Amino acid sequence: MADGLKGIARLKRAMRVTSKAFAWAAKNEEAVQLELLGLFFLTPLAFWLGDSAVERVLLIGSLLLLLLVELLNSAIESAIDRIGPEHHELSGRAKDLGSAAVFVAMLIVALSWGLVLLG
């Protein structure tokens, strides 16, 4: 442990850092803002439309998965942007792969909601 913290102190620090990063993403990343908005409106709808706990978990879980992948994509973009603004094939590929991961997560949302609502 580089910071020397253990137990509850380590957990408190992790929660503080996590909330700071999450707040930054919610303020500065438009895609995260849109996904939080979707989560805000669709979560109550999932409780209403889901006939079972499993369906509700699929509906809400797919939305959380999308947010998770978007946060990871933003982290990739931040790391690449820190390296420098010039174009590099590998940097572009990393960003493109992050975007592709977000697209796959969106497909999971569409598939989950579509199959639960139509099934």
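**Entry 1: surface patch**

I started with the nonpolar surface of this predicted model. I found a nonpolar patch of about 610 Å². Its members are Leu65, Leu68, Leu72, Phe103, Val104, Leu107 and Ile108.

Which helices supply the patch? I traced at least two of its residues to each of α3 (53–83) and α4 (89–118). Helix α4 gives the most, with four residues.

I then picked out Leu68, one of the patch residues. Leu68 sits in helix α3. Is Leu68 buried or exposed? I read a relative accessible area of 46% for Leu68, so I logged this leucine as partly exposed. The cut-offs explain the label, because partly exposed covers the range between 20% and 50%.

**Entry 2: overall fold**

Next I looked at the whole chain. I counted four helices and zero strands. Along the sequence, the order reads α-α-α-α. The radius of gyration is 17 Å, well over the 14 Å that the globule rule gives for 119 residues, so I noted the chain as more spread out than a compact globule. I also took the box filled by the C-alpha atoms, roughly 45 × 45 × 25 Å along the principal axes.

How much of the chain is buried? I got 24% of the 119 residues. The exposed area of the protein chain is about 8,500 Å². Carbon and sulfur atoms supply 70% of that area.

I checked contacts as well. Taking those between residues at least 6 apart in sequence, I found that 62% join residues at least 24 apart.

**Entry 3: salt bridges**

I turned to charged pairs. Side chains of opposite charge can pair when their charged atoms come close. How many salt bridges does the whole structure hold? My search gave two.

I looked up the pair Lys95 and Asp81, whose closest N and O atoms are 2.6 Å apart. This salt bridge links distant parts of the chain, with Lys95 in helix α4 and Asp81 in helix α3, 14 residues apart. Lys95 has 25% relative accessibility, so I marked it partly exposed. Asp81 has a relative accessible area of 48% and is also partly exposed.

I then took the salt bridge between the side chains of Glu89 and Arg93, at 2.7 Å from N to O. Where does this pair lie? Glu89 and Arg93 are both in helix α4. They are four residues apart, so about one helical turn separates them. I entered Glu89 as exposed, because its relative accessibility is 56%. Arg93 is at 40%, so I entered this arginine as partly exposed.

Definitions and conventions. Residues are numbered from 1 along each chain as its sequence is written. This is a predicted model: local features need pLDDT of at least 70, side-chain atom pairs count only at pLDDT 80 or more; totals for chains, interfaces and linings use all residues. Side-chain values use heavy atoms; hydrogens and water are left out. Patches are made of residues with over 30% relative accessible area and no salt bridge: like charges are joined within 9 Å, nonpolar side chains (Val, Leu, Ile, Met, Phe, Trp, Tyr) within 5 Å. Accessible areas come from the Shrake-Rupley method with a 1.4 Å probe; for residues, only the protein chains shown count as cover. A salt bridge is a side-chain nitrogen of Lys or Arg within 4 Å of a carboxyl oxygen of Asp or Glu. Buried means under 20% relative accessible area, exposed over 50%, partly exposed in between (1.4 Å probe, protein chains only). The radius of gyration is taken over C-alpha atoms; the globule rule is 2.2 Å times the number of residues to the power 0.38. Contact means heavy atoms within 4.5 Å.
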